[in-house]
Amino acid sequence: MSFLLFALSVFLSLQQPISSSSSSNQFAIDGTVLELNDSNFDAAISSFDYVFVDFYAPWCTHCKRLSPELDKAAPVLARLKDPVVIAKVNADKFTHLANKYEIDGFPTLKIFAHGVPTDYYGPRKTDLLVRFLKKFAAPDVAVLNSDSSISDFVEAAGTDFPIYVGFGLNESVISNLAIKYKKKAWFSVAKDFSEDVMVLYDFDKVPALVCLHPNYSEQSIFYGPFEGQSILQ
């Protein structure tokens, strides 16, 4: 019995450091705004695909106005299929990070996509911020493989941007346009779909590019040629 207890204690002692040392366990996507500093910044950035960072100063009036907007946006962005984590850094205190990322005004906002920072100059009100970051984090071209995935994509895209669905199109055909107009429209290609979908979106042959304008309850269909700017005209 004593040997069994000894073996069990050794096993547990070997297991505990492994779980506690994992950087992925240090943070969670729980809808709160992370407070980062010199010691945990790099770990946080490497733990998530998308991190929106507010480099602020406590005395900054504009920073104080932005803070509640970020608090409201954080839980919404955490629930996205491709979640965006919101974080804050007191750049007035943690000057090493401020110098590293060339922070010379407050607030300075940056989006870290897979660890690569990009300056953010977009809207700061909650609804507009969420709309922008939701679009930023989405794939350039979504690949849809069923009727349900098509309807889910259209529903999730919402009504803020035009929606393009390429039926029977390879993603490479519209990938350049999707990258160029990423901030202005949703792009997808449907690989597998039923005749019911063809009836629903009112096209009778493939390949076909269906464009939905949710805000205006309009729909248009393009049968080619699928080259350059003509797709969006």
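## A walk through the predicted model

Let's begin with a cysteine: Cys63 is buried, at a relative accessible area of 5%. Cys211 counts as buried too, with 5% relative accessibility. A disulfide is a covalent bond between the sulfur atoms of two cysteines. In this structure the count of disulfides comes to zero.

Before going further, please keep in mind that this is a predicted model. Across the chain the mean pLDDT is 85, and 86% of the residues reach 70 or more. The start of the chain is another matter: over residues 1-24 the pLDDT is below 50, and this stretch has three contacts in the model beyond near neighbours in sequence. Where pLDDT is low, the predicted coordinates should not be read in detail.

Now for the overall build. The secondary structure comes to eight helices and ten strands. Of the 233 residues in the chain, 41% are buried. Among contacts with a separation of 6 or more, 63% are between residues 24 or more positions apart.

Helix H5 is a good place to look inside. It runs over residues 126-137, twelve residues in all, and spans 16 Å from its first C-alpha to its last, close to the 16 Å expected at 1.5 Å a residue. Which residues of H5 are buried? They are Thr126, Leu129, Val130, Leu133, Lys135 and Ala137. The cover over the buried residues of H5 includes strand S2 (50-56), helix H3 (61-78), strand S4 (108-113) and strand S8 (186-190).

Take Thr126 from that list, a residue of helix H5. Thr126 counts as buried because its relative accessible area is 15%, and the cut-off for buried is under 20%. Leaving aside residues up to four places away in sequence, Thr126 touches Glu69, Lys72 and Ala73.

Next, turn to Ile29, which sits in the loop between helix H1 (2-20) and strand S1 (34-36). Is Ile29 buried, exposed or partly exposed? With a relative accessibility of 41%, Ile29 counts as partly exposed. Residues up to four places away in sequence aside, Ile29 is in touch with Phe48, Ala78, Pro83 and Val85. The C-alpha atom of Ile29 is 8.5 Å from that of Val84, although 55 residues separate the two along the chain.

Ile29 also leads us to a cavity. The structure has one cavity of 30 Å³ or more, and the largest cavity holds about 60 Å³ of space. Ile29 is one of its lining residues, together with Ala28, Asp30, Gly31, Thr32, Leu34, Ala74, Ala78, Val84, Val85 and Ile86. Helix H3 and strand S3 (85-90) each supply at least two residues of that lining.

From the cavity we can move on to the pockets. The largest pocket has a volume of about 410 Å³. It is lined by 17 residues, and the closest to its centre are Lys81, Asp82, Pro139, Phe153 and Ala156. Helix H5, strand S6 (142-144), helix H6 (147-157) and strand S8 are the elements that give two or more residues to this lining. Which element gives the most to the lining of the largest pocket? That is H6, with five residues.

Further along the chain, Ser172 belongs to helix H7 (residues 171-180). Its relative accessible area of 48% makes Ser172 partly exposed. Ser172 and Val141 are 31 residues apart along the chain, and their C-alpha atoms are separated by 9.0 Å.

To finish, here are some backbone details in the loops. The peptide bond from Phe106 to Pro107 is cis, with omega near -10°, and Pro107 lies in the loop between helix H4 (95-100) and strand S4. Glu102 is also found in the loop between H4 and S4. Although Glu102 is not a glycine, it has a positive phi of about 55°, and at 67% relative accessibility Glu102 counts as exposed.

After S4, the loop that leads to strand S5 (116-119) contains His114. His114 has a positive phi of about 55° without being a glycine, and His114 counts as exposed at 56% relative accessibility. Another cis peptide bond runs from Val206 to Pro207, with omega near 0°. Pro207 is placed in the loop between helix H8 (195-200) and strand S9 (208-213).

Note on methods
Residues are numbered from 1 along each chain as its sequence is written. This is a predicted model: local features need pLDDT of at least 70, side-chain atom pairs count only at pLDDT 80 or more; totals for chains, interfaces and linings use all residues. Side-chain values use heavy atoms; hydrogens and water are left out. A disulfide is a pair of cysteine sulfur atoms within 2.5 Å. Buried means under 20% relative accessible area, exposed over 50%, partly exposed in between (1.4 Å probe, protein chains only). pLDDT is the predictor's confidence in each residue, from 0 to 100. Contact means heavy atoms within 4.5 Å. Helices (H or I, at least four residues) and strands (E, at least two) are DSSP runs, numbered from the N terminus. The expected span of a helix is 1.5 Å times one less than its number of residues. On a 1 Å grid over the protein atoms alone, a cavity is a set of points where a 1.4 Å probe fits but cannot get out, and a pocket is an open set with protein on both sides within 12 Å along at least five of seven lines; lining residues have an atom within 4 Å of a point. Grid points are joined across faces, edges and corners, and a volume is the space filled by probe spheres set on the points.
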